[in-house]
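Q: Please choose one part of this model and take me through it slowly, explaining each term as it comes up. I would like to see how the pieces around that part fit together.

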Amino acid sequence: MKKITRLVTIVMVFALMLCVVGCGKKDDPNKDEKTEAKTEATTEAKTDDKTETEATTAAPTETETETTTEATTELTSDVTVRVGSLKGPTSIGLVNLMNKSDEGTTSGKYTFKIAAQADEITSALVSGDLDIALIPANAASILYNKTEGKVTVIDINTLGVLYCVTGDESITSVEDLAGHTVISMGQGTTPEYVLRYLLETAGVKDCDVTFVSEATEAAALLAENPDSIAILPQPFVTVATKKNDKLKVAFSLTEEWNRLSGINSFVTGVTVVRTDFLKENEDAVKLFMQEHKESAAAATADIDTTAEKVAELGIVEKPEIAKLAIPECNITYVDGADMKAAISDYLTVLYNMAPEAVGGKLPADDFYYIP
């Protein structure tokens, strides 16, 4: 009996051991570590995916950024802008824009009119037949006062382009004009008032001025009598001196202006726009300003192409002469605060000499368009 009881006890112990071993095989001692590792890997993967998604959403690609910027700053306009300019430096600064317009490669839409006299352009501007005009600076001020602010200046297109031309070698300065007769175009505009200012400032009281309608007429009188004295703008100066080797440039009115006035602000040509047109079509005006600036820069950077177009438009007879004249035309482009400062200084000098030279009073701040 004792043997049977002992045997049963041994069997039960053995069975219990088997259960313990079996249970031990079912429990993986590395289970917690593997589960933790798996959890970390999953978390990291989710975090990486989230980070990548946030980066993609928050930071547009370089291409997207550029496209957005261009779309924001690019100007467009379907308005046809009618532009008028004078036969001379102001038109030379526009010829590349005219050429692109003919080819249909401009961003804006334009028509152009070139005239020999400022009155023709200003009349068309006031009547509404032109939207933008390139005219003498003082004529712009007169027009502003006469129309009670219906024109606004948007840029300076040319600086000093006036020269004294003669075959008389004794003439080298304004003071030397005493006792002589001087032929000049531009009565009531820049040539007249600048010459008057220089003569008065230099103390010259016995100089007679004979006015003609156009620069070509003054050049023709010089050709007849080389000892005559004429005030001419470029490119007509170069045309006259190349046709007659007895003629030469006696002095630059710009240099005399700087010497006698003490300031460097001789502004010859400016660009104005009808104020109503500016208010209704500001994008079209800004677009013109941008393309005008590019055209003016091209006129001095690519003289050969510009000279060909100048001759084609009849501004100068031959490209060879135009190539010589363009560097002397002082073609420029100035807008904004610098434009306002230069024009204001120039008009103030004229006003102090003769108020009628600027239309009786200096223009108010709304005369100047500063985007």
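**A sheet and its surroundings**

A: Helix α9 (residues 215-224) lies across strands β5, β6 (181-185), β7 and β8 (229-233), and runs at about 145° to β8. Before going further, please note that this is a predicted model, in which local features need pLDDT of at least 70 and side-chain atom pairs count only at pLDDT 80 or more, while totals for chains, interfaces and linings use all residues. Residues are numbered from 1 along each chain as its sequence is written, and side-chain values use heavy atoms, with hydrogens and water left out.

Helices (H or I, at least four residues) and strands (E, at least two) are DSSP runs, numbered from the N terminus. The angles run from 0 to 180 degrees between N-to-C directions, and the axes are lines fitted to C-alpha atoms, for helices over the stretch in contact. Contact, in turn, means heavy atoms within 4.5 Å. Helix α10 (residues 236-243) lies across β5, β8 and β9, running at about 130° to β8.

The strands under these helices belong to an open sheet of five, in the order β7-β6-β8-β5-β9, with mixed pairing; two strands pair if DSSP finds at least two bridges between them. At the edges stand β7 (208-212) and β9 (248-252), each with a single partner strand, so one side of each has no neighbour in the sheet. On average, neighbouring strands of this sheet are turned by 30° against each other, direction ignored.

Strand β5 (residues 162-166) runs antiparallel to β9, and four bridges join the two. Within this pair, cysteine 164 stands opposite phenylalanine 251 in β9. Cysteine 164 counts as buried, at 0% relative accessibility, where buried means under 20% relative accessible area, exposed over 50% and partly exposed in between (1.4 Å probe, protein chains only). The closest cysteine sulfur to that of cysteine 164 is in cysteine 207, and at 9.0 Å it is too far for a bond. A disulfide is a covalent bond between the sulfur atoms of two cysteines, and here it is counted when a pair of cysteine sulfur atoms lies within 2.5 Å; by this rule the count comes to zero disulfides.

Two loops next to β8 deserve attention. Serine 228 is found in the loop between α9 and β8, and at 16% relative accessibility it counts as buried. Leaving aside its neighbours within four places in sequence, serine 228 is in contact with Val165, Thr166, Gly167, Ile183, Leu221 and Leu222.

Glutamine 234 is found in the loop between β8 and α10, and it is buried, with a relative accessible area of 3%. Its side chain makes a polar contact with the side chain of threonine 238, at 2.9 Å. A polar contact is a pair of N or O atoms within 3.5 Å; within protein, one must be able to donate a hydrogen and the other to accept it, and residues adjacent in sequence count only if both atoms are side-chain atoms. Apart from neighbours within four places in sequence, glutamine 234 is in contact with Pro89, Val161, Tyr163, Ala325, Glu328 and Cys329. Of these, cysteine 329 is buried, with a relative accessible area of 0%.

The chain also holds an open sheet of six strands, in the order β2-β1-β3-β10-β4-β11, again with mixed pairing. Its edge strands are β2 (109-115) and β11 (331-334), each of which pairs on one side only, and the twist averages 25° from one strand to the next. Helix α7 (residues 137-146) packs on this sheet, touching β3, β4 (151-159) and β10, and its direction makes about 120° with that of β3. Strands β3 (residues 132-136) and β10 (residues 267-274) run antiparallel and are joined by five bridges. Helix α13 (residues 282-301) lies across β1 (80-86), β2, β3, β4, β10 and β11, running at about 145° to β11.

To place this part in the whole, the protein chain has 16 helices and eleven strands, and buried residues make up 45% of its 371 residues. Among contacts in the chain between residues at least 6 apart in sequence, 80% join residues at least 24 apart.
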